[in-house]
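This report describes the fold of one protein chain, beginning with its strands and moving on to its cores and its empty spaces. The reader is invited to keep the structure in view while following the text.

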Amino acid sequence: MYYVPAENRAKFWYSTDYGMFHFCIADSEHDWREGSEQYRFIEKCLASVDRQKQPWLIFAAHRVLGYSSDYWYGQEGSFEEPMGRESLQKLWQKYKVDIAFYGHVHNYERTCPIYQNQCVKTGTSHYSGVVNGTIHVVVGGAGSHLSEFSQVRPKWSVYRDYDWGFVKMTAFNHSSLLFEYKKSRDGNVYDSFTISRDYRDVLACVPDGCEPSTLAS
């Protein structure tokens with residue numbers, strides 16, 4: 001049985017720290033909308049991180065609660081699970097989530113730093129200073145069959161790959177992070193980006209995220 005460090009084992013949402021990363025893991029099979037028990041947990045998890053100890057804040061869920069141009073989502077014209085990000089995007093923005101990960105869709109796709117369907121930072125391989133949004137990554141190529149992409153490629157889709165692979169994140173310090181996507185077939189890097197910032201950039205105001213409660217202590 002897979003172990004999850006949850007306070008209540010009947011629930012499959014939890015938080016964990018690994019080095020300089022703080023992970024908030026959601027359960028996309030249960031209600032995550034505003035007012036639900038899980039929504040309250042997610043906000044508490046994001047709000048409680050000490051960005052001086054864990055400067056890199058990560059959100060993760062199985063189903064795509066953020067962005068994906070997978071064929072089936074494209075058929076629905078939504079590019080997400082039904083009601084996926086409507087309640088959550090304001091939390092990602094308010095608490096300055098760096099990266100959000102999803103599976104379920106069996107391919108790889110990375111967005112620009114995004115908020116409310118709009119890229120909020122230029123560039124594709126390096127981001128510096130105040131990022132103003134969250135980078136969403138579908139990394140569902142761990143096995144099973146692969147999933148086709150929609151013929152429509154949204155502007156926020158920076159890189160997508162129809163293959164099996166995995167990602168690696170390296171936090172060099174509080175200011176520098178390296179993200180790499182590698183294919184399983186050869187272990188080579190096919191997509192990557194870096195983030196460079198100061199601690200003051202984490203504390204800076206962003207659109208819809210300037211409340212005092214968003215600032216790390």
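## Strands, cores and empty spaces

Strand 1 and strand 2 form a hairpin that has two residues between the strands, and G19 in the turn has a positive phi of about 60 degrees. The model in which this hairpin appears is a predicted one. Strand 1 covers residues 14–18 and runs antiparallel to strand 2, to which it is joined by five bridges. Within this pairing, S15 stands opposite C24 of strand 2.

Strand 2 also pairs with strand 3, here in the parallel sense and again over five bridges. The bridge partner of C24 in strand 3 is F59. Strand 3 in turn pairs with strand 4 in the parallel sense over four bridges, and F59 stands opposite A100 in strand 4. From strand 4 the pairing continues to strand 8, residues 134–139, through four bridges, and these two strands run parallel. Y102 stands opposite V138 in strand 8. The pairings are collected in the table.

| Strands | Sense and bridges | A facing pair |
|---|---|---|
| Strand 1 and strand 2 | antiparallel, five bridges | S15 and C24 |
| Strand 2 and strand 3 | parallel, five bridges | C24 and F59 |
| Strand 3 and strand 4 | parallel, four bridges | F59 and A100 |
| Strand 4 and strand 8 | parallel, four bridges | Y102 and V138 |

In a regular strand, side chains alternate between the two faces of the sheet. Is strand 2 covered on its faces, or open? Both faces are covered, with F21, F23 and I25 buried on one side and H22 and C24 buried on the other. Five of the five residues of strand 2 are thus buried. Strand 4 can be read in a similar manner: I99 and F101 point one way, A100 and Y102 point the other way, and all are buried.

Nonpolar side chains in soluble globular proteins tend to be buried together. The largest nonpolar core of the model has 23 residues, and those with the most contacts inside it are L46, F59, L88 and Y102. Helix 1 (37–48), strand 3 (56–61), helix 3 (89–94) and strand 4 (99–102) each give two or more residues to this core. The largest share, four residues, comes from helix 1. Apart from this core lies another, of 20 residues, among them F23, I25, Y127 and Y181.

Which residues does F59 touch, once its neighbours within four places in sequence are left aside? Its contacts include C24, I42, L65, L88, W92 and V97, together with I99, A100, F101 and Y102 of the chain.

Empty space is considered next. Rolling a probe the size of a water molecule over the atoms shows where such space is left. The count comes to two cavities of 30 Å³ or more. The largest cavity has a volume of about 160 Å³. It is lined by 16 residues, and the closest to its centre are K96, D98, V131, N132 and R197. Helix 3 and helix 4 (199–203) each give two or more residues to this lining.

The second largest pocket has a volume of about 200 Å³. Its lining consists of F21, F23, A60, F101, V167, K168 and M169. Strand 10 (165–171) gives the most to this lining, with three residues, and strand 2 (21–25) supplies at least two.

Two loop residues have a positive phi although neither is a glycine: K96, at about 60 degrees, and Q116, at about 50 degrees. K96 lies in the loop between helix 3 and strand 4. Its relative accessibility is 12%, so K96 counts as buried. Q116 is found in the loop between strand 5 (108–115) and strand 6 (118–119). Because its relative accessibility is 43%, Q116 counts as partly exposed.

Finally, two domains come from an unreviewed UniProt entry. The entry places "Calcineurin-like phosphoesterase" at residues 25–108, where the chain is 29% helix and 14% strand and the end C-alpha atoms are 19 Å apart. The entry places "Purple acid phosphatase C-terminal" at residues 133–192, where the chain is 0% helix and 50% strand and the end C-alpha atoms are 18 Å apart.

Terms used
Residues are numbered from 1 along each chain as its sequence is written. This is a predicted model: local features need pLDDT of at least 70, side-chain atom pairs count only at pLDDT 80 or more; totals for chains, interfaces and linings use all residues. Side-chain values use heavy atoms; hydrogens and water are left out. UniProt positions are given in the numbering used here, feature names are shortened, and annotations may be inferred rather than shown by experiment. A nonpolar core is a set of buried Ala, Val, Leu, Ile, Met, Phe, Trp, Tyr and Cys residues joined through side-chain atoms within 4.5 Å. Buried means under 20% relative accessible area, exposed over 50%, partly exposed in between (1.4 Å probe, protein chains only). Contact means heavy atoms within 4.5 Å. Two strands pair if DSSP finds at least two bridges between them. On a 1 Å grid over the protein atoms alone, a cavity is a set of points where a 1.4 Å probe fits but cannot get out, and a pocket is an open set with protein on both sides within 12 Å along at least five of seven lines; lining residues have an atom within 4 Å of a point. Grid points are joined across faces, edges and corners, and a volume is the space filled by probe spheres set on the points.
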